[in-house]
Amino acid sequence: MDPLLDRINVRDLLSGHDLSDPSTPLSAPDLRLLINRLESHSLHIKSKVRSYLLSHHNDFASLFSQCNDIVLKTNEISDNLSNILSLVSDPPIGGEIRKLVDEIGRKTKEAREKREILGLLRVIVGICERLEGARLALRNGRFGFAAAEVKELKEALRIGDEEEGEPIVYGLLRKQWADLFDEMQELLAKFMDYAVQFEQDSRTIRVKYRLCVDEMDGIELHTILEAMDVAGVLDYSLAKAADLIIKHVITEAVNYQSPVIFVEDVSQGSEGITEAVLKILPSQDLKIVDVDGDAIYARVIQVIRFIFKHICFENGSWIHSFGRLTWPRISDLIISNFLSKVVPEDASKLADFQKIIKCTSEFEIALKEMMFISVSDNKDEKLSNFAENVEVHFAFRKKTEILGKARNLLLQCDFSVPKEFTSKGPLLKNDGMAINSSKQVVDLLFSSERCVVSKAASQLMELVHQTLQDVCLSSTRVALEFYHAARDAILLYEAIIPVKLERQLDGINQVATLMHNDCLDLSQEILGLAFEYRTDFPDSIKEYAVFADMAPRFHLMAEEILHRQIQIVVYNLREAIDGADGFQNTHQMQQYESAKFSIDQVVFVLEKVHIIWEPLLLPSTYKRSMCMVLESVFARITKDILLLDDLAAEETLQLQRLIHLMMDNLSSLLKSLIVVNSKGKSEEDSRRPVDDLIPSLRKIRKLAELLDMPLKSITSAWESGELLSCGFTIVELKDFIRAIFADSALRKECLWRIENVGL
């Protein structure tokens with residue numbers, strides 16, 4: 001059929017005609033020829049098709065038959081599917097099917113749940129039976145079986161691995177297991193208590209191999225230990241025996257002062273060993289001093305070997321458990337009773353300590369061989385670590401001694417003042433030479449002055465200097481401890497003294513003054529420590545050592561103490577002045593006596609302060625502080641007098657008399673502010689008169705003059721500027737004139753002149 005499907009080429013049909021030019025039109029004859037040839041060709045094709053169909057008739061008949069069968073089967077399937085769909089979509093039948101399916105699901109679920117519950121019940125019943133069996137075995141003395149059951153049931157019940165949402169019965173089973181475990185633990189502990197006993201009278205440890213507890217007789221000690229191991233209660237059950245051996249045996253073994261010996265004895269029976277004892281007897285060689293620790297270590301090893309053999313039956317796991325319980329306490333006892341006591345007191349003897357280090361190492365190796373301590377855990381090498389770090393322990397011990405000494409001298413010091421400073425008088429002569437050579441008189445490092453300090457401060461700094469000298473001569477680790485000891489010793493003053501002397505700081509006394517001097521001296525001494533010692537410190541300490549951070553604290557303490565003392569003095573003076581009731585009506589005898597008593601009280605307080613401060617304080621500090629106190633006194637008295645609004649003539653004379661009385665009584669005090677050694681004051685202070693340091697002094701003196709001065713003279717003094725230079729204000733002066741002088745033309749004139757003077 002392929003040739004029939006080829007395209008008809010017109011050019012082939014008109015092969016005799018020139019068709020090179022597509023635009024050339026065809027003639028009528030050409031068209032007729034073309035039509036005839038097409039018809040001929042068409043007939044040829046039809047003939048070919050007919051011949052092909054006839055030759056393949058059977059094939060086409062079979063193909064059409066198959067297509068017809070397929071169509072018939074498709075229609076049949078369609079009809080069947082329609083019938084099924086109609087049946088399924090029918091409502092009554094669909095509901096029954098759904099109910100049937102749901103019922104099948106429920107029954108299946110119920111069956112599955114019943115199977116699960118039945119399985120759970122079997123497990124629960126099995127566990128209950130095993131728990132009861134283990135309990136019966138425990139009460140019948142079958143400890144091995146009971147311990148194994150307890151261990152397996154612990155895993156089955158997932159003890160310690162509980163989950164939320166578990167059935168309540170699991171909690172009940174775990175409770176039964178816990179009760180059984182506690183019962184077993186307590187019973188095994190009773191057997192161990194019976195097995196290992198200490199007899200106080202004979203000083204003997206007795207280990208019994210056949211045990212009897214709660215009517216269970218003939219139980220082997222080894223069986224008890226095996227059960228303890230399986231049940232995981234070895235540590236709990238051995239704890240009491242371990243405590244007993246440490247308390248009564250190990251303590252005796254490590255006694256450095258009263259050595260003992262141990263004697264072992266074993267009792268044999270028909271069935272083997274029935275009992276082992278370890279007797280503690282006093283040593284006959286009391287005069288021998290165990291310098292190297294050989295005897296102590298040998299005694300401890302003997303005790304542990306006894307435990308290893310007769311209590312732990314040479315079982316490595318059991319002796320290791322016993323070691324975990326006892327080694328921390330044993331090592332602490334050896335350190336406190338022996339090693340710490342033989343730490344050299346002098347750095348030159350550190351080399352002699354090497355033998356003790358060797359003995360200590362051999363002792364721990366012997367314990368490792370018995371598995372008493374761990375071979376791999378370095379924490380168990382506590383004794384070796386201590387011995388090898390003896391240099392640090394030596395330094396720590398010295399540091400403890402230094403701080404103890406510092407604490408004692410601070411606590412015991414009574415802050416008494418040397419007798420030569422109990423009366424008035426400066427520390428220095430006019431030429432700057434010291435009056436005495438007492439250690440309590442110190443030169444301030446950053447000042448040309450001297451002051452008296454307490455015995456505590458003097459001795460404390462001596463101790464600090466000795467310690468820092470040791471820093472310069474020591475190794476790095478020792479030097480570091482000494483350095484911290486020096487710092488801590490200084491800080492002890494701050495921690496102890498203010499608390500110890502709190503009551504004295506609330507009064508006017510020499511203790512507070514000495515404390516001020518102590519803090520001032522310590523602040524300067526601290527600043528000088530680094531300059532004095534840093535160059536000789538070990539290289540690693542040079543960069544680390546700091547002292548300057550402490551100096552401001554002590555300087556601040558000194559200022560606070562002095563300020564507190566000044567405030568207390570000022571408060572006492574104000575109370576005394578308050579007793580004068582404002583100096584009113586002094587022309588009356590009773591009021592005058594009251595005012596005079598107040599002035600006497602003021603003088604008494606000032607003289608007391610003078611007596612305490614002048615011998616002890618730095619001259620410059622004394623002058624500054626006393627001027628502050630006097631300023632407060634003179635200013636207050638002047639203010640009270642100037643506030644009086646009506647003064648009788650006699651009253652002015654009495655006030656003048658009181659001022660003169662006070663100034664006369666304070667003359668020695670005022671002189672002490674002038675006669676200060678030139679080495680104790682700055683050039684500026686030496687040029688300034690006392691009146692400049694105490695502004696109210698000039699004012700109160702001038703007030704005494706004004707009290708009996710004529711009005712014109714007062715006015716002239718204001719116009720000349722004299723009163724203004726003394727500190728009077730125009731308001732004070734006008735009120736003063738009105739209070740003394742009666743109203744008159746002269747007073748008005750003078751007041752006008754005062755108001756209009758051009759100052």
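A residue counts as buried when its relative accessible area is under 20%. Keep that in mind while you look at the whole protein chain of this predicted model: of its 759 residues, 42% are buried. Switch to a cartoon view and you have 29 helices and eight strands to wander through. Now think about contacts between residues at least 6 apart in sequence: 72% of them join residues at least 24 apart.

**Stop one: helix α14**

Select residues 455-473, which make up α14. Try a quick check on its length. With 19 residues at 1.5 Å each, α14 should span 27 Å, and the C-alpha atoms at its ends are 28 Å apart, so the two values agree.

Next, colour the buried residues of α14: A456, A457, S458, L460, M461, L463, V464, H465, T467, L468 and V471. What covers them? Show α13 (390-412), α15 (476-500) and α16, which are among the elements doing that job.

**Stop two: α14 beside α16**

Add residues 510-533, helix α16. Its axis and that of α14 come within 11 Å and cross at roughly 15°. An angle under 35 degrees counts as roughly parallel, so that is how α14 and α16 run relative to each other. Their crossing is right-handed.

**Stop three: the side chains between them**

Turn on sticks for A457, M461, V464, H465, L468, Q469 and C472 in α14. Then do likewise for their partners in α16: D518, L522, E525, L529, E532 and Y533. Which kinds of residue make up this contact, nonpolar, polar or charged? Eight are nonpolar, two are polar and three are charged.

Terms used:
Residues numbered from 1 in each chain as written. Predicted model: local features only at pLDDT ≥ 70, side-chain atom pairs only at ≥ 80, totals over all residues. Heavy atoms only, no water. Axes fitted to C-alpha atoms, helices over the stretch in contact; angles between N-to-C directions. Helix = DSSP H or I, 4+ residues; strand = E, 2+ residues; numbered from the N terminus. Parallel < 35°, antiparallel > 145°, perpendicular 65-115°, else oblique. Left-handed = near helix turned anticlockwise from the far one by under 90°. Contact = heavy atoms within 4.5 Å. Nonpolar A, V, L, I, M, F, W, Y, C, P; charged D, E, K, R; others polar. Expected span 1.5 Å × (residues − 1). Buried < 20%, exposed > 50% of the residue type's maximum accessible area, 1.4 Å probe, protein only.
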